[in-house]
Amino acid sequence: MITLGINYSQMHDSSACLVRDGELVFAVAEERISRAKHDARFPQNAIRACLDFAHIKVEQLNNVCFGWQVPGAAFRHDLKCYASGKMPVTYTNVLNSTLHYLSMWHQVGGAKRFTQIFGETKARMRFVGHHLAHALSAYAYSGFDEAAVVVMDGRGAWEATSIWHGGDGRLEHVLTIPFPDSIGYFYSEFTEYLGFQCNSDEWKVMGLAPYGKPGVDLRVFIEPEAAPYRVHARKLAVKGEAPFAEIVRLCGPRRIPESEIDNRHKDIAYAVQDACEIAMMSVVKMAIEKTNSRNVCLAGGVALNSKANGKIVVSGLVDKIFVQPAASDDGVAPGAALAPYLDSGGCLPMRPMRHAYLGPEFDDEAIENALRTYKLKYSRLSDAAATAAELLSNGKILGWFQGRMEFGPRALGSRSILADPRDPEMRAKVNSAVKFREWWRPFAPSFKKEAAGDYLESATDSPFMILTAQVKPEKRSIIPSVTHVDGSARPQTVEKEINPLYWRLIEEFAKRTGVPVIMNTSFNLRGEAIVHTPTDAVRTFFSSGMDALLIGSFLVEK
Ligand SMILES: [Fe+2]
């Protein structure tokens, strides 16, 4: 059985994937190919990449699965929210809901667009509930026989949070908390109020939070301790002439984007993150109680909150945890694509996801062609890992472009910018010379898996950088540029069997320095998608302060 999974909602993070006989063989977000970050358009480039990679023709597809309900479900729910007073009836709100519905209805949820672009197909077009698709993406790739599955996002069609019970390769729905009672909505509204872009920059609020201190009371907007939590969306939702009126009344003026960050902003970020962590913990606790399982699977955009995930790990509530690395909506494609396996009482394939190297790759011939096209001086390497380690130990900042691109928001050693984590100035150097991003945003470490326990108090099996852990106090001064102000880090643990080249790079760095840790950030400039092609890599390399580019078997230096 060959199934194409698609995320297309016109909201954010369109994506596509291909599942063949239960195996996820390829997945890519549209943004990587189109170069428009969080691209919400129909993922025609991503679909084409799936078909090309697997040498599949549209006629061979058995199913095309969209990770959303048929158009209309969201619109009907919005109308109910307006009628019941849960959301304010404003011209903008009603217009946006109506236009979105009409557009999706016209495209038959994307099915019509698919046949217009790719031609008629015998494949069955299926529309999988959005939270079911998220839940499948967490449970089926966890490898757990039994699990409490929790989905938390901004919104699905009508869902905000849902709990599922996974067992014997099937999922049973336990409960749903409907939108707008949504942790994701609460977080994204404050992200925008703090001068950042909602559904994109929530990371920045999470990174800023440890610089703040307790004291800001947000209980008018969220009751995180309640079981289940409650979000008072009406207070958050006032837009139009008086945007964020209630937040402004209680917390002061909205921050103008790119303006100075002051202590008030830091304290608000602290309070937002704190409320989110408490609310997430309360949902996870409820899921464990209702399912009687201490293996927890998480998905949905809120599950990208690595800080909260790290606290769940050390809470003592859970035995095992799996967070879908593409927790945001790009990840509903691989979830939806598994829905056909549940037909007629069937079971999910249950293949544990141990890596996210699911995207396109470019061989040395394609890379060399690109380097020649741009008339670059380059050399061929006999050992890219050793060369990279030598350059890193000499303080160089590297572009690292190797193998298949990662699926999900994190760079995990395929499309990465690498640096020496021992240099306390390295964070500032990379921030100002390469990433051009805000000073407070932390960088993450890649550890040799065997060595993670020497440095970290938890999260020593963390292949996806989606859990934070505390760095042991005596190790913080050894890797200062990847240790956040509160002593935390967002580690990637690298396994030799899974990414031998990247593992060996860290090993070679350890041989030279005694430290089996590399600073790893995504290979992109601020506001851009992670690089996809050799051309993207070369362009980004020459638009930044990186010292060298290791691309396939080649080295380009400035
Ligand atoms: Fe979602």
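These are my notebook entries on the overall build and the charged pairs of this structure.

**Entry 1: the whole chain**

I began by noting that I am looking at a predicted model. I then looked up the secondary structure and found 19 helices and 22 strands in the chain. Along the principal axes, the C-alpha atoms fill a box of roughly 65 × 60 × 45 Å.

Next I asked how the radius of gyration sits with that of a compact globule. The chain has 23 Å, and a compact globule with 558 residues would have a value near 24 Å, so the two agree.

**Entry 2: inside and outside**

I looked up burial next: buried residues make up 60% of the 558 residues. For the surface, I noted about 21,300 Å² exposed by the chain, with carbon and sulfur atoms supplying 51% of it.

I also checked the contacts between residues at least 6 apart in sequence, and 71% of these join residues at least 24 apart.

**Entry 3: counting charges**

How many positive and negative side chains are there? I found 64 positive and 63 negative ones, and the centres of the two sets lie 2 Å apart.

A reminder to myself: side chains of opposite charge can pair when their charged atoms come close. In this structure I found 29 salt bridges, and I picked out some to follow by eye.

**Entry 4: Arg35 and Asp536**

I started with the salt bridge between Arg35 and Asp536, whose closest N and O atoms are 3.7 Å apart. Which parts does this pair tie together? Arg35 lies in the loop between helix H1 (30-34) and helix H2 (44-54), while Asp536 is in helix H19 (residues 534-542), so the pair ties together parts that are 501 residues apart in sequence.

Arg35 is partly exposed, at 25% relative accessible area, whereas Asp536 counts as buried at 9%.

**Entry 5: Lys307 and Asp486**

Here the closest N and O atoms of the salt bridge between Lys307 and Asp486 are 2.1 Å apart. This pair links distant parts of the chain, 179 residues apart: Lys307 belongs to helix H12 (residues 306-313), and Asp486 to the loop between strand S17 (469-470) and strand S18 (488-489).

Buried or partly exposed, I wondered about Lys307? Lys307 counts as buried, at 11% relative accessibility, because the limit for buried is under 20%. Asp486 has 28% and is partly exposed.

**Entry 6: one more pair and a network**

I found Glu223 and Arg230 meeting in a salt bridge at 3.5 Å, N to O. Glu223 is partly exposed at 25%, and Arg230 is partly exposed at 39%.

My last look was at a network of salt bridges, which links Arg354, Lys449, Asp461 and Glu495.

Note on methods
Residues numbered from 1 in each chain as written. Predicted model: local features only at pLDDT ≥ 70, side-chain atom pairs only at ≥ 80, totals over all residues. Heavy atoms only, no water. Helix = DSSP H or I, 4+ residues; strand = E, 2+ residues; numbered from the N terminus. Rg over C-alpha atoms; globule rule 2.2 N^0.38 Å. Buried < 20%, exposed > 50% of the residue type's maximum accessible area, 1.4 Å probe, protein only. Contact = heavy atoms within 4.5 Å. Areas by Shrake-Rupley, 256 points an atom, 1.4 Å probe, with all protein chains shown as cover. Lys, Arg positive; Asp, Glu negative; His and termini not counted. Charge placed at Lys NZ, Arg CZ, Asp CG, Glu CD. Salt bridge = Lys/Arg side-chain N within 4 Å of Asp/Glu carboxyl O.
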